[in-house]
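Q: Could you take a close look at one helix for me and then place it in the rest of the chain? An informal walk-through is fine.

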Amino acid sequence: MTEIMVARYQGLDRCAVAPLPVGGSFADITLRLPEREEPYEVLARTASEVARRLARPDHQVGPGAVVVTGLSAHFDFAAAREFHERLFRSVWTEFRDYAGIPGPEEAYRIKTGTIADGAIPVELYGSQWSFKDLHVDREVLLFSHLYGPVTGFTGGELLLVDIRPYLRGRGLGFDDAFAWSNEATEGSKPVLREAHCGPALAECGIDLGPLGPDAVVFVNNLPDAGILHGVRPVEVTDVRGFRREYHRCSAKGVSR
Ligand SMILES: [Fe+2]
């Protein structure tokens, strides 16, 4: 196991005794950009609010994920991606403070890019499709997605699960609830065992629906956050018109 895999194992194992969110999982997940204010002018305030909800410190536990909506009223695709990146960088700085992520700024690397789901280079990731079962990403500590263009398919709804109350309520540890993914490249990520997917989603999950260019979803992917993400199956209905792109920003430790 790599260092980060050990951290993932221990972090999820600790979820069975971690504090539960105030107000229930995902109670205040949505944050709407104000229509009458220029988004860049409220960027610092927005970033701070996103980071506060993402962090899951012991004394007051937030939802661990945030959906920022209202981008379409201000931006086209290209401008929305630019704003997304600026917002992510600000959120990351604030999030490190709130979540107590140690070390100098240079100890972490921010990566941004656009992923064409269904057309991902197989030689790099072993599949044309992004990973869909409920899981946590292996390397990154925080990520955000802005979807669009999205045409020519059904399904693809984004799912989130706050696994803390589920593991705690049943007294489950990592080995009971998770398995490691099979990967084409080195290393694996924790994947929720199939038997737990339905009940966990029903009890402490949320279906965010088919996201598009109006919203950015942020996910706290720290080892002990306990936030899983997944995607419902995608069914292509128009082969020629099919497009499922998302602009992704993420941050990870460089020494990993
Ligand atoms: Fe993922």
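A: Here is a look at helix 3, followed by the chain around it and its metal site.

First, some ground rules: this is a predicted model, where local features need pLDDT of at least 70 and side-chain atom pairs count only at pLDDT 80 or more, while totals for chains, interfaces and linings use all residues. Residues are numbered from 1 along each chain as its sequence is written, and side-chain values use heavy atoms, with hydrogens and water left out.

The chain has seven helices and 13 strands; these are DSSP runs numbered from the N terminus, with helices being H or I of at least four residues and strands E of at least two. Helix 3 covers residues 77–99, 23 residues in total. From first C-alpha to last it reaches 31 Å, close to the expected 33 Å (1.5 Å times one less than its number of residues).

At its N-terminal end, D76 acts as the cap, with a side-chain oxygen 3.3 Å from the backbone nitrogen of A78. Just past the other end, G100 takes a positive phi of about 65°.

Now for what's tucked away. The buried residues of helix 3 are A80, R81, F83, H84, L87, F88, V91, W92, F95 and R96 (buried means under 20% relative accessible area, exposed over 50%, partly exposed in between, with a 1.4 Å probe and protein chains only). As a reminder, an α-helix has 3.6 residues a turn, so residues three or four places apart point the same way. The cover over those buried residues includes helix 2 (43–54), strand 2 (65–69), strand 3 (108–116), strand 4 (142–151), strand 10 (216–220) and strand 13 (243–253).

Zooming out, buried residues make up 51% of the 256 in the chain. Among contacts (heavy atoms within 4.5 Å) between residues at least 6 apart in sequence, 82% join residues at least 24 apart. The C-alpha atoms fill a box of roughly 45 × 40 × 35 Å along the principal axes.

As for the metal, the iron ion is coordinated by H135 (NE2), D137 (OD) and H229 (NE2), at 2.1 Å. Donors here are N, O and S atoms within 2.8 Å of the metal (3.2 Å for Na, K and Ca), and water is not among the atoms, so sites may look incomplete. The pair H135 and H229 links distant parts of the chain, 94 residues apart: H135 is in the loop between helix 4 (122–125) and strand 4, H229 in strand 11 (residues 227–231). Both H135 and H229 are buried.

Terms used: A polar contact is a pair of N or O atoms within 3.5 Å; within protein, one must be able to donate a hydrogen and the other to accept it, and residues adjacent in sequence count only if both atoms are side-chain atoms.
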